[in-house]
Amino acid sequence: LDDNKKQNNHGRRSPSAPPIDPKLLRVESLLRKALEREEFSLYYQPQVNINTGEIYGMEALIRWHHPKLGIIYPHQFLPWAEKTSLIVSINQWVLQTACRQNRAWQAAGLPRLPMSVNLSPRQFQQPNLTQIVAQVLDKAKLEPYWLELEITERAIVQNGNLARQLFHQLSQLGVPVAIDDFGTGYSAIGYLQEFPFNKLKIAQSCVNKLKDNPKKTGIISAAIALGRAFNLRVVAEGVETQQQLDLLRRLQCQEIQGYRFSKPLSDTEATQFLTQHWIVTK
Ligand code: C2E
Ligand code: MG
Ligand code: MG
Ligand code: MG
C-alpha cells in the first residue's frame with residue numbers, strides 16, 4: 001500500500017485497492033488457528049467391488065472439528081480456504097496425512113490399497129506440484145502407485161493446458177489419476193481422451209437421478225462404455241439405495257462408493273474396518 005495515501009486517508013486503504021472482505025479475513029484467521037491446533041482430520045471412504053464387496057481403495061475426505069461448532073464439512077470451508085494462501089498448507093497437510101496413513105496400514109500388514117486424495121482447483125496453479133507429491137511420497141516411504149489423485153472434470157476443462165502438463169508429469173512419476181464428478185455437464189469425452197488417466201468417478205448427481213427415474217442411465221452407461229473401451233476403472237459415487245445398486249449391477253458397473261456400503265470413517269474406524277474386512281475375506 002502507498003504510504004502517502006495511507007497517511008492522507010488517515011490509515012484507510014486507497015480507493016483503488018480491491019476491497020478486503022472482513023468475513024474472509026476472519027475465516028482466514030480461524031483456518032490458520034485450526035491448522036496450528038490440529039483441528040483437521042481425514043475420514044476415509046472405501047471403494048468396493050459391486051459384486052464381491054472386495055475393497056479396491058480408500059478416498060481421504062477432510063473434516064474440521066471446531067471446538068464450539070463441531071464438525072465442519074469441506075464444502076463449508078474449502079471454498080474460503082481457496083481464496084487465501086492457506087489452501088496450500090491445508091493441501092500439503094492432507095497429502096502428507098493420507099500418505100502416512102496408507103503407509104501405516106501397509107506396515108500393519110493390511111492389504112495394500114490405493115489412497116485417493118482430492119486436488120483443489122488452486123493446486124493446478126502450483127507449478128511444482130509434481131515435485132511436492134514426489135517429496136511427500138518419499139518422506140512417507142510410499143510407492144507412487146499407492147497414491148491416487150482425484151481431479152474434477154470441471155477443473156480439467158477450465159485449466160486444459162495446465163491439466164495436460166500435470167497429468168503427463170504425474171503419469172511419469174507413476175501416480176494414478178482419477179477424474180472426479182464425471183458427467184456434471186462439462187463432459188467432453190473426446191477432449192478427455194488427450195489426458196492420461198486411470199479412473200472415472202461418475203458424479204453423485206448422476207447416480208442420484210436413478211432414484212427419481214431409473215431410466216436416466218445415459219451418462220452412467222456412457223462412462224461404463226468409455227471405461228471398457230479405454231481400460232479404465234469406473235466408480236459410481238454416492239450410491240445410497242438397493243435400487244441404485246441393482247441398476248448399477250445391471251449396467252455392469254464394477255465399483256461403487258457410497259453410504260450403501262460405508263460412510264466415510266475416522267482413522268480409528270477405518271483401521272478397524274480394514275482389519276475386520278481382511279479377516280472375513282482371508
Ligand atoms: P468428492 O471428492 O466427490 O467426494 C465425495 C463426497 O460425497 C464426500 O463428501 C462424501 O462424504 C460424499 N458421499 C459419499 N457417499 C455418499 C452417499 O452415498 N450419499 C451422499 N449424499 N454423499 C456421499 P465430503 O466429504 O463432504 O466432500 C465434498 C467434496 O469436498 C469432495 O467431493 C471433494 O471435492 C472436496 N474435498 C473433500 N476432502 C477434500 C480434501 O482433503 N482436499 C480437497 N482439495 N478437497 C476435498
Ligand atoms: Mg459435503
Ligand atoms: Mg473425490
Ligand atoms: Mg465426486
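# Reading two metal sites, a helix pair and a core

Q: How should I read burial in this structure, and is Glu150 buried or exposed?

A: Glu150 has a relative accessibility of 1% and therefore counts as buried, because the cut-off for that word is a relative accessible area under 20%. Please keep in mind that this is a predicted model, and that the value is computed from its atoms.

Q: Which residues are the protein donors of the magnesium ion (ligand 3)?

A: A general idea comes first: ideal angles at a metal are 109.5 degrees for four tetrahedral donors, and 90 or 180 degrees for six octahedral ones. In this structure, the magnesium ion (ligand 3) has as its protein donors Glu59 through OE, Asn118 through OD1, Glu150 through OE and Asp180 through OD, at 2.0 to 2.2 Å from the ion. Written as a sequence pattern, the spacing of these donor residues is E-x58-N-x31-E-x29-D. Among them, Glu150 belongs to strand 5 (residues 147–152) and Asp180 to strand 6 (residues 177–182), and this pair links distant parts of the chain, 30 residues apart.

Q: What are the protein donors of the magnesium ion (ligand 4), and which residue coordinates both ions?

A: The donors of the magnesium ion (ligand 4) are Asp180 (OD), Asp181 (OD) and Glu237, which is listed twice through OE, and they lie 2.0 to 2.6 Å from the ion. Their spacing along the sequence reads D-D-x55-E. The residue that coordinates both ions is Asp180, and the magnesium ion (ligand 4) and the magnesium ion (ligand 3) are 4.3 Å apart. Because Asp180 lies in strand 6 and Glu237 in strand 8 (residues 233–237), this pair ties together parts that are 57 residues apart in sequence. As for burial, Asp180 is buried with a relative accessible area of 6%, and Glu237 is buried as well, with 10%.

Q: How is a pair of packed helices described, and at what angle do the axes of helix 4 and helix 5 cross?

A: Two packed helices are described by the angle between their axes and by the distance between the axes. Here, the axes of helix 4 (residues 86–107) and helix 5 (residues 129–140) cross at roughly 35° and come within 9 Å, and the crossing is right-handed. Helix 4 makes the contact with Gln92, Leu95, Gln96, Cys99, Arg100 and Arg103, while helix 5 brings Ile132, Val133, Val136, Leu137 and Ala140. Sorted by character, the residues of this contact are 7 nonpolar, 2 polar and 2 charged.

Q: What is the general idea behind a nonpolar core, and which residues touch the most other members of the largest one here?

A: In soluble globular proteins, nonpolar side chains tend to be buried together. The largest nonpolar core of this model has 77 residues, and those touching the most other members are Leu31, Leu147, Leu149, Ile151, Phe197, Leu200 and Leu248. Helix 4 supplies the largest share of this core, 8 residues. Leaving aside residues up to four places away in sequence, Leu147 touches Leu95, Cys99, Met115, Val117, Val133, Leu137, Val175 and Pro176.

Q: Where is Thr217 found, and is Arg250 buried or exposed?

A: Thr217 is in the loop between helix 9 (204–212) and helix 10 (218–230), where it is buried with a relative accessible area of 16%. Beyond residues up to four places away in sequence, Thr217 touches Leu210 and Leu251. Arg250, in helix 11 (residues 242–250), is exposed, with a relative accessible area of 64%. From C-alpha to C-alpha, Arg250 and Lys68 are 46 Å apart in space, and they are separated by 182 residues in sequence.

Technical notes. Residues numbered from 1 in each chain as written. Chains lettered and ligands numbered in written order. Predicted model: local features only at pLDDT ≥ 70, side-chain atom pairs only at ≥ 80, totals over all residues. Heavy atoms only, no water. Helix = DSSP H or I, 4+ residues; strand = E, 2+ residues; numbered from the N terminus. Buried < 20%, exposed > 50% of the residue type's maximum accessible area, 1.4 Å probe, protein only. Contact = heavy atoms within 4.5 Å. Donors = N, O, S within 2.8 Å, 3.2 Å for Na, K, Ca; no water. Axes fitted to C-alpha atoms, helices over the stretch in contact; angles between N-to-C directions. Left-handed = near helix turned anticlockwise from the far one by under 90°. Nonpolar A, V, L, I, M, F, W, Y, C, P; charged D, E, K, R; others polar. Core = buried A, V, L, I, M, F, W, Y, C linked by side-chain atoms within 4.5 Å.
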